[in-house]
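The exercises below ask you to read a structure step by step, each with a solution worked out underneath. Please look over the sequence and the structure before you begin.

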Amino acid sequence: MRQQLDARNMLCPMPVIRTQNTVETLLPGDELEIYCTDHGALNDIPAWCRINGHEVLDKSEHNGEVIITIRVGANG
Amino acid sequence: MSQQRKAVSLISGGLDSLLATRLILDQGIHVEGINFFTGFCVEGHTHAIRNKDKNKPKRNNALWVAEQLGIKLHIIDIIEEYKDIVLNPKHGYGANLNPCLDCKGFMVRKAREWMEARSFDFIITGEVVGQRPKSQRRDTMPVIAKESGANDRLLRPLCAKSLPETLPEKEGWVDRGKLKDFSGRNRKPQMALAAELGLTDYAQPAGGCCFLTDESYSHKLADLWAARGQRDYDLDDIMLLKVGRHIRPRPNFKLIVGRDNGENNFLKGYRNRFIHMHASSHTGPLVLLDGTPDSDDIQLAAELTARFGKGKEAEQVTVTIHDKSGNEKQLSVNPFKAELIPGNWYV
């Protein structure tokens, strides 16, 4: 399953907190597309994924927006 | 086989919590980090908005510390619950609107609840006796342990040797002999320990981790409460206090003026909740009006908006104004003269 999370107009660490809280509702293997406007998320969400065992599938930027796609890890 | 003991560590992202956690990890304890987001944290917000901060490293120090330590980090939003600490601190404020002692007690209490819910054994903080004037004094540190309910399950590894033994020490879960007896505001012992442990990259102390310790920020928050006639706030309020020039020409409204493109872009995200305006005949900032401005106030705000744009020396500037319903109108105004803006209008 792929889900989307709107974390636009939020500053660090709110995009990470929203990601963390959404991932808690997902299953291992599920994917989450996170939309942010705080470019700090490009570092913070991958860092959060590394320490919690999730995988970053893609990071991109379009018109000032950042889109990060992650896959929930086995211990998700 | 002895039971694997587990500790939860309050991770701020600074050096002290990094060292305290490392000392316990090195004793074979399973540690997970917890980081509380109050809305007032300096961490994160200050590096994301202004143009001048573009080249600063955009990292969340708490996440970075957790990664260096190889531990999990749980970031917890306590914005709503934290209001009561800011608005009604039992132990009062510090030099500004910083309720440090209540804050620490609250965070340790939340950590205790987290610990109990997950069957962890004790709590670690990076506190050092005598380091902070209110929350880290020999006489107030026991208050935190007692009021949080953590009692002797609260271990401060950086100064444990100069404090009474805690449960993890008494039970032999940790070796008291390997803990420290740091005290005071001198940071050299922490830096020496960091070097000994091979830690070279860590956040430098930079005047606190909370906007409430900042005089200018506290003044803006007090102004907000005075203007609204009630001591309350939401996340948007406290975020907007970190951004732009705040100018209150009359008690019923204030202007929030973007200072550069970074701030203008940030304010754009909030513009539909406010009457907002910008100079349309010249380049200039986005301005939000907070409060209940009438038509005279909007005229004055338009003149001030013109003053902060490229048209400040022009005879006439056209200012486009949007109300909260999305209606738009133009006003042609004479820019307010900079020298005529009274100093006390700046919040």
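**Exercise 1. Describe how α1(A) passes α2(A), and name the residues that meet.**

Step 1. In this predicted model, the crossing in which α1(A) passes α2(A) is right-handed. The two helices, α1(A) covering residues 14-23, pack at an angle of about 35°, and their axes are 9 Å apart.

Step 2. On the side of α1(A), the residues that take part are A:Pro15, A:Val16, A:Thr19 and A:Gln20, and they meet A:Ala41, A:Asp44, A:Ile45 and A:Trp48 of α2(A). Sorted by class, the residues of this contact are five nonpolar, two polar and one charged.

**Exercise 2. Examine the backbone of the loop between β1 and α1 of chain A, where A:Asn9 has its place.**

Step 1. Begin with what is usual: most residues other than glycine have a negative phi, and most peptide bonds are trans.

Step 2. A:Asn9, in the loop between β1 and α1 of chain A, has a positive phi near 60° although it is not a glycine. A:Asn9 is partly exposed, because 15 other C-beta atoms lie within 10 Å, and this count falls between the limits of 12 or fewer for exposed and 20 or more for buried.

Step 3. A:Pro13 lies in the loop between β1 (2-7) and α1 of chain A, and the peptide bond that joins A:Cys12 to A:Pro13 is cis, with omega about 10°.

**Exercise 3. Is B:Ser119 buried or exposed, and what is its phi?**

Step 1. B:Ser119 belongs to the loop between α4 (100-117) and β4 of chain B, and its phi is positive, near 60°, in a residue other than glycine.

Step 2. With 7 other C-beta atoms within 10 Å, B:Ser119 is exposed, since the cut-off for that class is 12 or fewer.

**Exercise 4. Place strand β1 of chain B among its neighbours, and explain why it is largely enclosed.**

Step 1. Of the five residues in β1(B), which spans residues 6-10, four are buried, and therefore the strand is largely enclosed by the rest of the structure.

Step 2. Five bridges pair β1(B) with β2(B) in the parallel sense, and within this pairing B:Ser9 has B:Gly33 as its bridge partner. Between these strands the chain passes through α1(B), forming a β-α-β crossover that is right-handed.

Step 3. β1(B) is also joined, by three bridges and again in parallel, to β4(B), residues 122-124, where B:Ser9 stands opposite B:Ile124.

**Exercise 5. Follow helix α2 of chain B from its surroundings within chain B to the side that touches chain A.**

Step 1. Seven of the nine residues of α2(B), residues 61-69, are buried, so the helix is largely enclosed by the rest of the structure. The buried residues are B:Asn61, B:Ala62, B:Leu63, B:Trp64, B:Val65, B:Ala66 and B:Leu69.

Step 2. These buried residues pack against α1 (15-25), β2 (30-37) and β3 (73-77) of chain B, and also against α2 (41-52) of chain A. After the helix comes B:Gly70, with a positive phi near 70°.

Step 3. Turning to the interface, 18 residues of chain B are in contact with 18 residues of chain A. On the side of chain B that touches chain A, α2 and β3 of chain B are the elements that give two or more residues, and α2(B) supplies the largest share, four residues. By class, this side has eight nonpolar, five polar and five charged residues.

Methods:
Residues numbered from 1 in each chain as written. Chains lettered and ligands numbered in written order. Predicted model: local features only at pLDDT ≥ 70, side-chain atom pairs only at ≥ 80, totals over all residues. Contact = placed C-beta atoms within 7 Å. Nonpolar A, V, L, I, M, F, W, Y, C, P; charged D, E, K, R; others polar. Pairing = 2+ DSSP bridges. Right-handed = clockwise from strand over helix to strand, strands pointing away. Axes fitted to C-alpha atoms, helices over the stretch in contact; angles between N-to-C directions. Left-handed = near helix turned anticlockwise from the far one by under 90°.
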